[in-house]
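Hi,

Here is the structure I promised to pass on. Have a look at it first, and then read my notes below.

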Amino acid sequence: MLKKLILLFVLISVISCKSELSKKDEALFIAKGNEITQASFKELSSNLMAQMKLGGPAQAVPFCNVQAMPITSKMAEKYNVTIKRTSNKVRNSKNNASERELEIISKYQSLLNQGEELSPIVEINNSNQKHYFAPIQLNSKCLSCHGKLEEQLSVKTDSLIKSLYPNDKAIGYNDGDLRGIWSIVFKN
Ligand code: HEC
């Protein structure tokens, strides 16, 4: 009987095949993920803010349109990972969220609603790779392009955004709102 039970247990663990993340690896990949998101955020926002200074949203929106993806790809290559910024309300449909990403976003949203601190998550995905997620929250500087129409977001900027992204859903936010997540997969 015991032998049969042990065999069953082994079978189940082989079939379910999901390797567990050790505490040590979890901490390691959270630290790596944090480093990558901080560097990418710095790269994106310093470029964006320079464009905003040069010519406001009229200059910065087209810049984001052309440069946001190449900037993250460059960082991805540097760190040998894939980097995605995604949301439940995307501006660029190329940033659409997967089912798992949507689950993570709604988990963060309910934590935020309860007034909890949001922290990064690392898990093993179906391809047995380490997958890092971290929240992206808005600050006041983001609202000229993601805020409320006719409040922080002018009609002029909104029309410019809509001309580039006809399906834009990424407006109407307040300072501190959850905008989306970083989703980083470490290549094996
Ligand atoms: C000058 C206007 C502008 C400002 C300011 C701005 N964004 Fe955006 N944002 C954009 C544009 C344009 C895109 C689409 C980029 C692309 O094509 O990948 C975008 C895309 C994003 C995305 C990717 C997901 C999606 O919806 O496609 C996130 C996340 C995001 N912005 C967060 C922020 C945060 C956080 C801030 C403030 C720190 C911010 N943005 C400030 C214009 C702006």
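What follows is a run through the overall layout, the pockets, one helix and a couple of single residues.

First, a caution: this is a predicted model, so please read everything below in that light.

**Overall layout**

The protein chain has 5 helices and 4 strands. Going from the N terminus, they come in the order α-α-β-α-β-β-α-α-β. The C-alpha trace spans about 75 × 35 × 30 Å along its principal axes. Of the 188 residues in the chain, 36% are buried. If you look at contacts with a sequence separation of 6 or more, 70% of them are between residues 24 or more positions apart.

**The pockets**

The largest pocket has a volume of about 1200 Å³. Its lining takes in 47 residues, and the ones nearest the centre are L44, R85, I136, H146 and R179. Two or more lining residues come from each of α2 (23–79), β1 (81–86), β3 (130–137), α4 (143–146) and β4 (178–186). Which element gives the largest share of that lining? That would be α2, with 18 residues. Sorted by class, the lining has 25 nonpolar, 16 polar and 6 charged residues.

The second largest pocket comes in at about 170 Å³. It is lined by 11 residues, with R100, E123, N125, N126 and H131 closest to its centre. Here β2 (121–124) and β3 each supply at least two lining residues. The class split for this pocket is 3 nonpolar, 5 polar and 3 charged. Note that β3 turns up in both linings: it gives two or more residues to the largest pocket and at least two to the second largest.

**Helix α3**

I also spent some time on α3, which covers residues 99–113. At 1.5 Å a residue, its 15 residues should span 21 Å, and the end C-alpha atoms are indeed 21 Å apart, so the two values agree.

Which residues of α3 are buried? They are E101, I104, I105 and Y108. Viewed down the helix axis, these buried residues fall within an arc of 100°, so they line one face of the helix. That fits the general pattern: an α-helix has 3.6 residues a turn, so residues three or four places apart point the same way. The buried residues of α3 pack against β1, β2, β3 and β4. On the face turned away from that buried side you will find the exposed residues E99 and N113. Just past the end of α3, G115 has a positive phi of about 80°.

**Two single residues**

Is N167 buried or exposed? N167 is exposed, because its relative accessibility is 58% and the cut-off for exposed is over 50%. You will find N167 in the loop between α5 (155–164) and β4. N167 and S93 are 74 residues apart in sequence, but their C-alpha atoms are 7.7 Å apart in space.

D158 sits in helix α5. D158 has a relative accessible area of 10%, so it counts as buried, the limit for that being under 20%. Leaving aside residues up to four places away in sequence, D158 touches L149, L153 and I171.

That's what I have for now. Shout if you'd like to go through any of it together.

Cheers

Conventions:
Residues numbered from 1 in each chain as written. Predicted model: local features only at pLDDT ≥ 70, side-chain atom pairs only at ≥ 80, totals over all residues. Heavy atoms only, no water. 1 Å grid on protein atoms, 1.4 Å probe; cavity = no way out; pocket = protein on both sides within 12 Å on 5 of 7 lines; lining within 4 Å. Points joined across faces, edges and corners; volume = space filled by probe spheres on them. Nonpolar A, V, L, I, M, F, W, Y, C, P; charged D, E, K, R; others polar. Expected span 1.5 Å × (residues − 1). Buried < 20%, exposed > 50% of the residue type's maximum accessible area, 1.4 Å probe, protein only. Arc of directions from axis to C-beta. Contact = heavy atoms within 4.5 Å.
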